[in-house]
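Biologist: I have the fold open on my screen. Can you walk me through the strands and the odd backbone spots?

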Amino acid sequence: TEIIFYSNRDGTMDLWKVPVSETGEPTGPPLKLVGTDAREHCGRWSPDGTEIIFYSNRDGTMDLWKVPVSETGEPTGPPLKLVGTGAREHCGRWSSDGDWIVYESDQGGSNDIWVVSSDGEGPTQLTFDDYQDGYPAWSPDGSHVVYNSVRGINGDLYVLSLSDGGLHRLTSDTA
(Lines give C-alpha, C1' and ligand atoms only; values in the text may rest on other atoms or scores of the structure.)
Protein backbone atom coordinates (compact mmCIF):
# COMPACT_ATOMS: atom_id res chain seq x y z
CA THR A 1 0.00 0.00 0.00
CA GLU A 2 3.04 2.29 0.23
CA ILE A 3 6.01 2.68 -2.10
CA ILE A 4 9.34 4.12 -0.98
CA PHE A 5 11.46 5.95 -3.53
CA TYR A 6 14.27 8.46 -3.58
CA SER A 7 14.12 11.69 -5.50
CA ASN A 8 15.80 15.06 -5.74
CA ARG A 9 12.44 16.73 -6.41
CA ASP A 10 13.23 19.50 -3.90
CA GLY A 11 16.93 19.91 -4.69
CA THR A 12 18.42 17.22 -2.41
CA MET A 13 18.23 13.43 -2.71
CA ASP A 14 15.69 12.34 -0.09
CA LEU A 15 13.49 9.35 0.76
CA TRP A 16 9.81 9.70 -0.05
CA LYS A 17 6.75 7.48 0.13
CA VAL A 18 3.51 7.48 -1.78
CA PRO A 19 0.32 5.56 -0.99
CA VAL A 20 -0.90 3.33 -3.83
CA SER A 21 -3.97 1.30 -4.71
CA GLU A 22 -3.95 -2.42 -5.54
CA THR A 23 -3.41 -1.48 -9.18
CA GLY A 24 -0.38 0.65 -8.32
CA GLU A 25 -2.04 4.02 -8.88
CA PRO A 26 -1.13 6.77 -6.39
CA THR A 27 -3.91 7.44 -3.88
CA GLY A 28 -2.36 10.50 -2.30
CA PRO A 29 0.54 12.93 -2.61
CA PRO A 30 4.16 11.92 -1.98
CA LEU A 31 5.42 12.54 1.55
CA LYS A 32 9.08 13.08 2.46
CA LEU A 33 10.14 10.40 4.96
CA VAL A 34 13.78 11.07 5.62
CA GLY A 35 15.48 14.15 4.40
CA THR A 36 18.36 16.42 5.31
CA ASP A 37 20.84 18.44 3.30
CA ALA A 38 22.63 15.11 2.82
CA ARG A 39 21.97 12.48 0.17
CA GLU A 40 19.46 9.81 1.30
CA HIS A 41 19.18 6.75 -0.97
CA CYS A 42 17.60 3.35 -1.51
CA GLY A 43 15.02 2.93 1.22
CA ARG A 44 13.98 -0.67 1.93
CA TRP A 45 11.10 -1.76 4.21
CA SER A 46 11.86 -4.42 6.81
CA PRO A 47 9.86 -7.62 6.25
CA ASP A 48 7.58 -6.78 9.19
CA GLY A 49 7.16 -3.16 8.03
CA THR A 50 8.45 -1.58 11.26
CA GLU A 51 11.75 -0.18 9.95
CA ILE A 52 13.30 1.22 6.81
CA ILE A 53 16.99 0.93 5.99
CA PHE A 54 18.67 3.43 3.70
CA TYR A 55 22.08 4.86 3.04
CA SER A 56 23.10 8.44 3.59
CA ASN A 57 26.11 10.71 3.80
CA ARG A 58 24.47 12.77 6.58
CA ASP A 59 27.58 12.46 8.75
CA GLY A 60 30.17 12.86 5.98
CA THR A 61 30.54 9.33 4.61
CA MET A 62 28.03 7.05 2.91
CA ASP A 63 26.72 4.83 5.73
CA LEU A 64 23.87 2.40 6.32
CA TRP A 65 21.06 3.80 8.49
CA LYS A 66 17.64 2.66 9.67
CA VAL A 67 14.58 4.46 10.93
CA PRO A 68 11.60 3.02 12.85
CA VAL A 69 8.24 3.65 11.15
CA SER A 70 4.53 3.27 11.81
CA GLU A 71 2.19 1.04 9.79
CA THR A 72 1.79 3.88 7.30
CA GLY A 73 5.53 4.47 7.00
CA GLU A 74 5.70 7.60 9.14
CA PRO A 75 8.98 7.83 11.13
CA THR A 76 8.39 7.07 14.81
CA GLY A 77 11.89 7.94 15.94
CA PRO A 78 15.15 9.40 14.68
CA PRO A 79 17.31 7.58 12.12
CA LEU A 80 20.07 5.47 13.69
CA LYS A 81 23.39 4.62 12.07
CA LEU A 82 23.46 0.87 11.52
CA VAL A 83 26.92 0.55 9.94
CA GLY A 84 29.49 3.29 9.52
CA THR A 85 33.24 2.86 9.18
CA GLY A 86 34.47 5.91 7.31
CA ALA A 87 34.19 3.87 4.10
CA ARG A 88 31.13 3.59 1.86
CA GLU A 89 28.42 1.23 3.15
CA HIS A 90 25.36 1.05 0.95
CA CYS A 91 22.78 -0.98 -1.00
CA GLY A 92 21.43 -2.77 2.06
CA ARG A 93 18.83 -5.55 1.67
CA TRP A 94 16.87 -7.26 4.46
CA SER A 95 16.81 -11.04 4.80
CA SER A 96 13.28 -12.46 4.54
CA ASP A 97 13.17 -13.06 8.31
CA GLY A 98 14.36 -9.50 9.03
CA ASP A 99 17.28 -10.70 11.16
CA TRP A 100 20.09 -9.80 8.74
CA ILE A 101 21.06 -7.13 6.25
CA VAL A 102 23.42 -7.74 3.35
CA TYR A 103 25.20 -4.70 1.91
CA GLU A 104 28.29 -3.59 0.03
CA SER A 105 31.28 -1.73 1.45
CA ASP A 106 34.63 -0.56 0.17
CA GLN A 107 36.31 -0.48 3.57
CA GLY A 108 38.85 -3.10 2.44
CA GLY A 109 39.92 -1.08 -0.61
CA SER A 110 37.67 -2.74 -3.19
CA ASN A 111 33.92 -3.11 -3.07
CA ASP A 112 32.95 -6.32 -1.20
CA ILE A 113 29.78 -7.90 0.15
CA TRP A 114 29.11 -7.80 3.89
CA VAL A 115 26.35 -8.93 6.24
CA VAL A 116 25.29 -7.45 9.59
CA SER A 117 22.57 -8.31 12.10
CA SER A 118 19.53 -6.05 11.91
CA ASP A 119 20.61 -4.36 15.16
CA GLY A 120 23.98 -3.42 13.64
CA GLU A 121 26.02 -6.00 15.56
CA GLY A 122 28.76 -8.13 14.05
CA PRO A 123 29.44 -6.82 10.55
CA THR A 124 31.02 -9.71 8.64
CA GLN A 125 32.76 -9.61 5.28
CA LEU A 126 31.52 -12.25 2.80
CA THR A 127 33.66 -11.62 -0.30
CA PHE A 128 37.43 -11.17 -0.23
CA ASP A 129 38.64 -10.30 -3.70
CA ASP A 130 39.92 -7.37 -5.73
CA TYR A 131 36.77 -7.25 -7.89
CA GLN A 132 33.97 -4.73 -7.62
CA ASP A 133 31.25 -6.79 -5.90
CA GLY A 134 27.92 -5.09 -5.38
CA TYR A 135 24.12 -4.98 -5.48
CA PRO A 136 23.61 -7.99 -3.18
CA ALA A 137 20.28 -9.73 -2.56
CA TRP A 138 19.14 -12.72 -0.49
CA SER A 139 17.77 -16.02 -1.71
CA PRO A 140 14.23 -16.55 -0.37
CA ASP A 141 15.45 -19.03 2.27
CA GLY A 142 18.42 -16.87 3.33
CA SER A 143 20.99 -19.55 2.54
CA HIS A 144 22.59 -17.72 -0.40
CA VAL A 145 23.45 -14.22 -1.53
CA VAL A 146 23.41 -13.21 -5.18
CA TYR A 147 25.50 -10.23 -6.29
CA ASN A 148 27.06 -8.53 -9.28
CA SER A 149 30.82 -8.82 -9.68
CA VAL A 150 32.84 -6.91 -12.27
CA ARG A 151 35.68 -9.23 -13.29
CA GLY A 152 36.85 -7.65 -16.51
CA ILE A 153 34.91 -5.30 -18.74
CA ASN A 154 31.40 -6.07 -17.50
CA GLY A 155 29.67 -7.51 -14.48
CA ASP A 156 28.07 -10.90 -14.08
CA LEU A 157 25.89 -12.44 -11.38
CA TYR A 158 27.32 -14.81 -8.79
CA VAL A 159 25.62 -16.82 -6.03
CA LEU A 160 27.46 -17.33 -2.74
CA SER A 161 26.50 -20.17 -0.41
CA LEU A 162 26.55 -18.96 3.19
CA SER A 163 26.90 -22.50 4.55
CA ASP A 164 30.09 -23.53 2.76
CA GLY A 165 31.33 -20.41 0.90
CA GLY A 166 30.79 -22.05 -2.47
CA LEU A 167 30.57 -19.58 -5.35
CA HIS A 168 28.60 -20.21 -8.54
CA ARG A 169 28.67 -17.94 -11.57
CA LEU A 170 25.14 -17.43 -12.98
CA THR A 171 25.78 -15.29 -16.05
CA SER A 172 28.55 -14.98 -18.60
CA ASP A 173 27.77 -12.44 -21.23
CA THR A 174 29.42 -9.51 -22.97
CA ALA A 175 26.37 -7.36 -22.27
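Biologist: How do β2 and β3 pair, and over how many bridges?

Modeller: Strand β2, residues 14-19, pairs with β3 in the antiparallel sense over 3 bridges. Strands here are DSSP runs of E, at least two residues, numbered from the N terminus. Two strands pair if DSSP finds at least two bridges between them.

Biologist: Which residue in β3 is the bridge partner of Leu15?

Modeller: Val34 in β3 is the bridge partner of Leu15.

Biologist: How solid is the source?

Modeller: This is a predicted model, where local features need pLDDT of at least 70, side-chain atom pairs count only at pLDDT 80 or more, and totals for chains, interfaces and linings use all residues. Residues are numbered from 1 along each chain as its sequence is written, and side-chain values use heavy atoms, with hydrogens and water left out.

Biologist: Back to the sheet. What is the strand order around β2?

Modeller: The order is β1-β2-β3, in an open sheet of 3 strands with antiparallel pairing. β1 (2-7) and β3 (31-34) stand at the edges with a single partner strand each, so one side of each has no neighbour in the sheet. From one strand to the next, the twist averages 40°. That angle is between N-to-C directions, runs from 0 to 180 degrees, and uses axes that are lines fitted to C-alpha atoms.

Biologist: What about the sheet with β4? What is its order?

Modeller: That open sheet has 4 strands, in the order β4-β5-β6-β7, with antiparallel pairing. Its edges are β4 (40-45) and β7 (80-83); each has a single partner strand, so one side of each is left without a neighbour in the sheet. Here the twist averages 30° from one strand to the next.

Biologist: How many bridges join β4 to β5?

Modeller: There are 4 bridges between β4 and β5 (residues 51-56), and the two run antiparallel. Glu40 stands opposite Ser56 in β5.

Biologist: New topic: backbone oddities. What is the phi of Cys91?

Modeller: Phi of Cys91 is positive, about 60°, although Cys91 is not a glycine. Cys91 lies in strand β8, residues 89-94.

Biologist: Is Cys91 buried or exposed?

Modeller: Cys91 is buried, at a relative accessible area of 4%. Buried means under 20% relative accessible area, exposed over 50%, and partly exposed in between, with a 1.4 Å probe and protein chains only.

Biologist: And what about Tyr135, what is its phi?

Modeller: Tyr135 also isn't a glycine, and its phi is positive, near 50°. Tyr135 sits in strand β12, residues 132-138.

Biologist: Buried or exposed, Tyr135?

Modeller: Tyr135 counts as exposed, at 57% relative accessibility.
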